[in-house]
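Hi,

Here's the structure I promised to pass on. Have a look at it first, then read my notes below.

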Amino acid sequence: MALRAVLAVAAAALLQGSQALDVARVVAKAEAGFTVNDKVYVDGSLFAESAALNDNVGCHEHKGTSSFKVCGCGVKVLAHMMTECQTYQQYDAQIGKCDCSSTACDEVTLKSGYSAPFNWNAASFEISPC
């Protein structure tokens with residue numbers, strides 16, 4: 001696995017833009033070791049779990065939701081207000097603690113605002129291994 005990672009980093013250094021990101025995602029996908037405890041819920045429904053997470057590593061579009069839940073210590077989700085997993089100031093949130101000392105799920109309703117908090121909807125989210 002270590003040699004594969006070194007070769008992928010070298011290939012990514014030669015590529016530019018989205019091609020480099022694609023190589024990085026392939027490497028992350030190849031090295032992910034999800035367990036039966038790893039589960040991702042989107043908008044209250046199970047999106048992917050266990051070995052099926054390997055097929056779902058990367059960016060996913062959504063009609064818009066503020067509800068995410070991640071269980072297990074081997075997976076995390078990065079929710080984005082923008083489509084195509086683009087970042088936008090404070091409207092990006094990581095769900096999943098990547099802490100194997102805890103068995104608790106990380107359940108989040110996306111919120112922002114100081115004096116008058118409001119829910120914001122993610123238009124895309126990215127699944128990745130911890």
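**What I found**

Let's start with one pair of strands: β1 (residues 39-42) and β2 run antiparallel to each other and are joined by four bridges. Strands here are DSSP runs (E, at least two residues; helices would be H or I, at least four), numbered from the N terminus, and two strands count as paired if DSSP finds at least two bridges between them. Within this pair, Val40 sits opposite Ala48 in β2.

Before going on, you should know that this is a predicted model, where local features need pLDDT of at least 70, side-chain atom pairs count only at pLDDT 80 or more, and totals for chains, interfaces and linings use all residues. Residues are numbered from 1 along each chain as its sequence is written, and side-chain values use heavy atoms, with hydrogens and water left out.

**Two sheets**

The pair above belongs to an open sheet of four strands, ordered β2-β1-β4-β7 with antiparallel pairing. At its edges stand β2 (45-49) and β7 (106-109), each with a single partner strand, so one side of each has no neighbour in the sheet. From one strand to the next, the twist averages 15° (axes are lines fitted to C-alpha atoms, for helices over the stretch in contact, and angles between N-to-C directions run from 0 to 180 degrees).

Another open sheet has four strands in the order β3-β10-β5-β6, again paired antiparallel. Which strands stand at the edges here? They are β3 (58-65) and β6 (92-95); each has a single partner strand, so one side of each is left free of a sheet neighbour.

Inside this sheet, β5 (residues 75-80) pairs with β10 (residues 122-129) over six antiparallel bridges, with Val77 partnered by Ile127. β5 also joins β6 through four bridges. Ala79 is a nice one to click on: it stands opposite Phe125 in β10, and its bridge partner in β6 is Ala93.

**How confident is the model?**

The mean pLDDT (the predictor's confidence in each residue, from 0 to 100) is 83 for the protein, and 75% of its residues reach 70 or more. Over residues 1-12, though, pLDDT is below 50, and this stretch has nine contacts in the model beyond near neighbours in sequence (contact means heavy atoms within 4.5 Å).

Happy browsing!
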